[in-house]
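Work through the exercises below with the sequence and the model open side by side. Each task is followed by a solution in steps.

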Amino acid sequence: MKKLLSLVIVLLSLFLALPAAAAPPDLPEKHAFYDEMTYLMEKGVVSGYSDGTMRPDAEVTRAQAAVMIGRLKGFDGAKGMTPFKDVPSAHYASGYIADAAGAGYLRGYGDGTFRPNAPIIRGGYGIDHRAGF
């Protein structure tokens, strides 16, 4: 029992001594959205690009925003049918788009499209500010 307790104490002290994960090299602490982006990274909502960068000033597409909303809300993201004629069920974000639209977090355009590859526009179509995002 004493050895087990000692092992637990050693493992716990190692865990507490480990440094927090470093932010990507292209996300300086002085960036206007550093806190928000690191929060999303910690929550597993965003992970950055395969080259280790975050690209904090890159445009975000409507599909990417739907994925982020879905991950924050705990949607499973399983691909499926959407109410939008330009988002086929095989689209990588179709499940998140369908779930977020169904929950009222986003909406499409009057012509029945979602335009998943279009950039997010603040105050424009696609983000229902009454829904909180």
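Buried means under 20% relative accessible area, exposed means over 50%, and partly exposed covers the values in between. The model is predicted.

**Exercise 1. Classify Arg 55 by accessibility and describe its surroundings.**

Step 1. Arg 55 has 38% relative accessibility; this lies between 20% and 50%, so Arg 55 counts as partly exposed.

Step 2. Arg 55 belongs to the loop between helix H2 (34-42) and H3.

Step 3. Its phi is near 50°, which is a positive value in a residue other than glycine.

Step 4. The charged end of Arg 55 sits over the ring of Tyr 49, at 3.7 Å from the ring centre.

**Exercise 2. Do the same for Arg 115 and Arg 107.**

Step 1. Arg 115 is found in the segment after H4, and Arg 107 lies in the segment after H4 as well.

Step 2. The relative accessible area of Arg 115 is 35%, so Arg 115 is partly exposed. Arg 107, at 35% relative accessibility, also counts as partly exposed.

Step 3. For Arg 115, phi is near 60°, a positive value in a residue other than glycine.

Step 4. Arg 107 is ten residues from Ile 97 in sequence, and their C-alpha atoms are 9.1 Å apart in space.

**Exercise 3. Is Thr 82 buried or exposed, and what does its side chain meet?**

Step 1. Locate the residue: Thr 82 is in the loop between helix H3 (62-73) and helix H4 (94-102).

Step 2. Its relative accessible area is 14%, which is under 20%, so Thr 82 is buried.

Step 3. Check the polar atoms of its side chain. One lies 3.2 Å from the backbone nitrogen of Phe 84, and the backbone oxygen of Val 87 is 3.0 Å from a polar atom of the Thr 82 side chain.

Step 4. With neighbours within four places in sequence set aside, Thr 82 contacts Val 87, Ser 94 and Ala 98.

**Exercise 4. How many aromatic pairs does the structure hold, and which parts of the chain do they link?**

Step 1. A search of the whole structure gives two aromatic pairs.

Step 2. In one of them, the ring centres of Phe 75 and Tyr 105 are 6.5 Å apart; the planes are at 40°, so this pair is tilted.

Step 3. Phe 75 is in the loop between H3 and H4 and Tyr 105 in the segment after H4, so the pair links distant parts of the chain, 30 residues apart. Phe 75 is partly exposed at 21% relative accessible area, whereas Tyr 105 is buried at 18%.

Step 4. Phe 84 and Phe 114 also form a tilted pair, with 5.1 Å from centre to centre and 40° between the planes.

Step 5. Because Phe 84 lies in the loop between H3 and H4 and Phe 114 in the segment after H4, this pair ties together parts 30 residues apart in sequence. Both Phe 84 and Phe 114 are buried.

**Exercise 5. Which residues have the most contacts inside the largest nonpolar core, and which elements give it two or more residues?**

Step 1. The largest nonpolar core has 14 residues, and Phe 84, Ile 97, Leu 106 and Phe 114 have the most contacts inside it.

Step 2. H3 and H4 are the elements that give two or more residues to this core.

Step 3. Look at Phe 114: beyond four places in sequence, the residues it touches include Arg 62, Ala 63, Val 87 and Ile 97. The charged end of Arg 62 sits over the Phe 114 ring, 4.3 Å from its centre.

Step 4. Look at H4: seven of its nine residues are buried, among them Tyr 96, Ile 97 and Ala 98. The buried residues of H4 pack against H3.

Step 5. After H4 comes Gly 104, with a positive phi near 85°.

**Exercise 6. Where does the model have low pLDDT?**

Step 1. The mean pLDDT of the protein is 81, and 74% of its residues reach 70 or more.

Step 2. Among the elements, helix H1 (residues 2-17) has the lowest mean pLDDT (44) and H4 the highest (97).

Step 3. Over residues 4-20 the pLDDT is below 50, and this stretch has zero contacts beyond near neighbours in sequence.

Step 4. Residues 124-133 stay under 50 too, and there the model has 20 contacts beyond four places in sequence.

Step 5. Where pLDDT is low, predicted coordinates should not be read in detail.

Conventions: Residues are numbered from 1 along each chain as its sequence is written. This is a predicted model: local features need pLDDT of at least 70, side-chain atom pairs count only at pLDDT 80 or more; totals for chains, interfaces and linings use all residues. Side-chain values use heavy atoms; hydrogens and water are left out. Helices (H or I, at least four residues) and strands (E, at least two) are DSSP runs, numbered from the N terminus. Buried means under 20% relative accessible area, exposed over 50%, partly exposed in between (1.4 Å probe, protein chains only). A polar contact is a pair of N or O atoms within 3.5 Å; within protein, one must be able to donate a hydrogen and the other to accept it, and residues adjacent in sequence count only if both atoms are side-chain atoms. Contact means heavy atoms within 4.5 Å. Rings of Phe, Tyr and Trp (its six-membered ring) pair if their centres lie within 6.5 Å; planes under 30 degrees apart count as stacked, over 60 as edge-to-face and the rest as tilted. A charge sits over a ring if NZ of Lys or CZ of Arg is within 6 Å of the ring centre and within 35 degrees of the ring normal. A nonpolar core is a set of buried Ala, Val, Leu, Ile, Met, Phe, Trp, Tyr and Cys residues joined through side-chain atoms within 4.5 Å. pLDDT is the predictor's confidence in each residue, from 0 to 100.
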